[in-house]
Amino acid sequence: MKQRSLVMAYVFATSSVSTLMGGFVACGAQSYRISVHGETADKIDRPNTQSSGSNLSSGSLPGVHSASGWKRSLPIRFVTSDEIESAVVKQLQTAMKTWEMAVGKPLFAYDGVEAKKGADFRQLYEPLSDSKNGNYFDHNWFGATGKPNSVLATTIWENSPQESSSITKADIRYNAEFYVFGNSLDEFSEGKRTIVDMESLAVHELGHLLGLTHVKETEDRFSVMNPSLFIGEGMITRRLSKGDIVRIRSIYGIGDPTLAQALEKADDAADGADSADQTRM
Ligand SMILES: [Zn+2]
């Protein structure tokens with residue numbers, strides 16, 4: 001715990017420097033629903049999840065876009081493109097564990113490496129056309145996704161036509177054209193490509209994949225679902241806030257309370273460290 005606090009102190013100390021340098025980057029999560037009228041499936045862009053609260057179905061908690069999530073199809077089977085090296089896949093899996101600890105149950109199951117690459121998809125939603133939930137690196141980011149260069153990654157998902165609060169498929173695409181993904185505590189930016197902490201980014205994108213929207217900094221400044229993320233060497237946001245835990249449990253409940261309690265304990269200890277660091281900013 002002691003060691004973790006020291007790391008957090010470093011992160012918060014350098015984050016103010018990064019703000020001055022403009023290292024503040026947005027995420028561009030999006031979903032679409034297929035309406036099955038006639039022979040062609042229409043892709044309907046939903047309002048972006050950037051603003052929490054305004055486009056939620058009635059009765060769902062703020063910060064949640066799909067109130068049933070994947071509850072009917074757990075665990076979520078996923079693959080990783082073969083261009084994602086195994087160390088980075090491990091960081092993705094660590095991020096998955098973070099969410100699993102919060103709900104005290106397995107959420108994900110790894111189906112291994114997928115031969116397809118980001119470059120195989122010409123259009124943002126194309127990865128949803130197969131049955132695999134994939135993670136892809138895009139080296140032609142704007143060309144393939146239409147998203148600005150500053151966007152780190154995007155999660156796309158499809159809701160069930162029968163039950164719009166359920167998610168049936170999802171993919172995560174990473175902007176490998178402008179960023180390097182790895183462990184930002186011991187890896188570096190490469191030329192114009194800034195290092196992004198894969199575990200931190202994956203915690204955020206997996207939040208979308210599981211059913212969460214963005215949460216504004218003014219509502220919960222420790223949430224991993226804040227729309228922007230500090231990036232660069234030493235910058236990490238790997239830990240869920242208390243609010244994140246409440247929101248994810250509103251979808252998935254709690255399986256094994258022992259696992260969930262372990263996370264809460266760690267969270268309490270680290271919260272103390274955060275407040276001390278914040279005052280120094
Ligand atoms: Zn996002």
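How many salt bridges does a search of the whole structure find? The search finds eleven. The structure is a predicted model, and this report describes its nonpolar core, the strands around β8, several charged pairs and the helix α5.

## The largest nonpolar core

The largest nonpolar core holds 45 residues. Within this core, the residues that touch the most other members are Trp-99, Phe-108, Tyr-174, Phe-181 and Leu-206. Both strands and helices give two or more residues to the core: the strands are β4 (76-81), β7 (153-159), β8 (167-175) and β9 (179-182), and the helices are α2 (86-103), α4 (198-210) and α5 (242-252). The largest contribution comes from α2, with eight residues.

Phe-181 illustrates how parts of the chain meet in this region. When neighbours within four places in sequence are left aside, Phe-181 is in contact with Val-88, Phe-137, Leu-152, Tyr-174, Asn-175, Ala-176, Val-196, Met-198 and Leu-201. One of these partners, Tyr-174, is also among the core residues that touch the most other members.

## Strand β8 and its partners

Strand β8 is mostly covered, with seven of its nine residues buried. Strand β6 (residues 134-138) runs parallel to β8, and four bridges join the two. In β8, Asn-175 stands opposite Asp-138.

The pairing of β8 with β7 is antiparallel and extends over seven bridges. Here Ile-167 of β8 stands opposite Asn-159.

## Salt bridges at strand β5

Side chains of opposite charge can pair when their charged atoms come close. One such pair consists of Arg-77 and Asp-111, whose closest N and O atoms are 2.9 Å apart. Arg-77 belongs to strand β4 and Asp-111 to strand β5 (residues 108-114), so this salt bridge ties together parts that are 34 residues apart in sequence. Arg-77 counts as partly exposed, at 43% relative accessibility, and Asp-111 is likewise partly exposed, with a relative accessible area of 43%.

A salt bridge also joins the side chains of Lys-132 and Glu-114, at 2.8 Å from N to O. This pair links distant parts of the chain, 18 residues apart: Lys-132 lies in the loop between β5 and β6, and Glu-114 lies in strand β5. Is each partner buried or partly exposed? Lys-132 counts as partly exposed, because its relative accessibility is 37%, whereas Glu-114 counts as buried, because its relative accessibility is 8%. The cut-off behind this reasoning is that buried means under 20% relative accessible area.

## Further charged groups

Glu-190 and Arg-193 form another salt bridge, with their closest N and O atoms 3.2 Å apart. Glu-190 is partly exposed, with a relative accessible area of 46%. Arg-193 counts as partly exposed too, at 24% relative accessibility.

A network is formed by Asp-197, Glu-199 and Arg-238, which are joined by salt bridges that share partners.

## Helix α5 and the residue after it

Which residues of α5 are buried? They are Asp-244, Ile-245, Arg-247, Ile-248, Arg-249, Ile-251 and Tyr-252. This helix is also one of the elements that give two or more residues to the largest nonpolar core. Gly-253 follows α5 and has a positive phi, near 70°.

How values were computed
Residues numbered from 1 in each chain as written. Predicted model: local features only at pLDDT ≥ 70, side-chain atom pairs only at ≥ 80, totals over all residues. Heavy atoms only, no water. Core = buried A, V, L, I, M, F, W, Y, C linked by side-chain atoms within 4.5 Å. Buried < 20%, exposed > 50% of the residue type's maximum accessible area, 1.4 Å probe, protein only. Contact = heavy atoms within 4.5 Å. Pairing = 2+ DSSP bridges. Salt bridge = Lys/Arg side-chain N within 4 Å of Asp/Glu carboxyl O.
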